[in-house]
Amino acid sequence: MATNGGCVCRKIRYSISGGPLRVTICHCSWCQRRTGSAFGVEVVFEKNQIQFQSDPPSVYRHTSDLSGRWLDQHFCSTCGSNIGLTLEAVSSIQSISVGSLDDQNWPELAGLERRHVFVRSARQWSEIPNDVEQYEEHFRK
Ligand SMILES: [Zn+2]
Ligand SMILES: [Zn+2]
């Protein structure tokens with residue numbers, strides 16, 4: 001069953017078919033800045049699961065100083081909402097920022113694998129449960 005989402009001002013709207021592959025919670029300092037929060041929560045899909053009913057989001061390209069590879073941050077140029085990311089490292093996937101989903105209790109998110117990455121730079125007060133998958137940096141090199 002499809003689920004929908006988009007930005008605060010509703011200029012960007014998308015529809016997703018099928019369930020996500022996983023959820024990645026990233027505590028890197030770049031995600032802290034780009035989200036204005038303590039970590040980024042990215043719901044990961046195959047690119048072909050996501051259809052935009054609006055114009056596609058604007059893109060800001062960031063090159064990682066660690067890997068030298070690019071990450072594209074997708075956002076609404078009107079209201080500034082984060083929509084998600086695409087990565088040079090894994091070109092088949094696109095992530096959606098969890099907060100942009102319309103359904104806060106989307107059943108597909110329950111029980112899904114949650115992977116915490118870059119926990120080395122997590123804010124001191126970010127509590128990460130002991131029983132979740134976690135990595136000091138990327139989960140893959
Ligand atoms: Zn917007
Ligand atoms: Zn990050």
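Cys-76 counts as buried, at 1% relative accessibility. The model is predicted. Cys-76 is a good place to enter it, as one of the ligands of a zinc ion.

## The zinc ion (ligand 1)

Four cysteines coordinate this ion through their SG atoms: Cys-7, Cys-9, Cys-76 and Cys-79, at 2.3 Å. The angles among the four donor atoms run from 107 to 113 degrees, and the site is tetrahedral. For reference, ideal angles are 109.5 degrees for four tetrahedral donors.

Along the chain the donors follow the spacing C-x1-C-x66-C-x2-C. Cys-7 sits in the loop between β1 (3-6) and β2 (13-16), while Cys-76 sits in the loop between β7 (70-75) and β8, so the pair ties together parts that are 69 residues apart in sequence.

How buried or exposed are these donors? Cys-7 is buried, with a relative accessible area of 7%. Cys-76, at 1%, is buried too. Cys-79 reaches 31% and counts as partly exposed, because buried means under 20% and exposed means over 50%.

## The zinc ion (ligand 2)

The zinc ion (ligand 2) has three cysteine donors: Cys-26 (SG), Cys-28 (SG) and Cys-31 (SG), at 2.1 to 2.3 Å. Their spacing along the chain is C-x1-C-x2-C. Water is not among the atoms, so sites may look incomplete.

Cys-28 is buried at 13% relative accessibility. Cys-31 is also buried, at 3%. As for cysteine cross-links, the structure holds zero disulfides.

The table gathers the accessibility values for cysteine donors of both ions.

| Residue | Zinc ion | Relative accessibility | Class |
|---|---|---|---|
| Cys-7 | ligand 1 | 7% | buried |
| Cys-76 | ligand 1 | 1% | buried |
| Cys-79 | ligand 1 | 31% | partly exposed |
| Cys-28 | ligand 2 | 13% | buried |
| Cys-31 | ligand 2 | 3% | buried |

## Strand β9 and its partners

Strand β9 covers residues 93-97 and is mostly covered: five of its five residues are buried. Which way do the side chains point? Ile-93, Ser-95 and Ser-97 point one way from β9, and Gln-94 and Ile-96 point the other way. In a regular strand the side chains alternate between the two faces of the sheet. In β9, the residues of both groups are buried.

β9 pairs with strand β4 (residues 40-46) in the antiparallel sense, over five bridges. Within this pairing, Val-44 has Ser-95 as its bridge partner in β9.

Strand β8 (residues 82-87) also runs antiparallel to β9, and three bridges join them. Here Gly-84 stands opposite Ile-96. β8 and β9 form a hairpin, with five residues between the two strands. β8 also borders the loop that holds Cys-76, on the other side of which lies β7.

## Aromatic contacts

How many aromatic pairs does the structure hold? There are two. One of them joins Tyr-14 and Phe-52 edge-to-face, at 6.2 Å centre to centre and with 75 degrees between the planes. Tyr-14 lies in strand β2 and Phe-52 in strand β5 (residues 50-52), so this pair ties together parts that are 38 residues apart in sequence.

The two rings differ in cover. Tyr-14 is buried, at 0% relative accessibility. Phe-52 is partly exposed, at 25%.

A charged residue also meets a ring. Arg-61 lies over the face of Trp-70, at 3.9 Å from the ring centre.

## Two residues with positive phi

Arg-10 has a phi near 70 degrees, a positive value in a residue other than glycine. Arg-10 is found in the loop between β1 and β2. That loop also holds Cys-7. Arg-10 is exposed, at 57% relative accessibility, whereas Cys-7 is buried.

Phe-118 is another residue other than glycine with a positive phi, near 55 degrees. Where does Phe-118 sit? It is in the loop between β10 (114-117) and β11 (133-134). Is Phe-118 buried or exposed? Phe-118 is buried, with a relative accessible area of 9%.

Note on methods. Residues numbered from 1 in each chain as written. Chains lettered and ligands numbered in written order. Predicted model: local features only at pLDDT ≥ 70, side-chain atom pairs only at ≥ 80, totals over all residues. Heavy atoms only, no water. Buried < 20%, exposed > 50% of the residue type's maximum accessible area, 1.4 Å probe, protein only. Helix = DSSP H or I, 4+ residues; strand = E, 2+ residues; numbered from the N terminus. Pairing = 2+ DSSP bridges. Donors = N, O, S within 2.8 Å, 3.2 Å for Na, K, Ca; no water. Tetrahedral: all angles 85-135°; square planar, octahedral: opposite > 155°, others 65-115°. Disulfide = S-S within 2.5 Å. Phe/Tyr/Trp six-rings, centres within 6.5 Å; stacked < 30°, edge-to-face > 60°. Lys NZ or Arg CZ within 6 Å of the ring centre and 35° of its normal.
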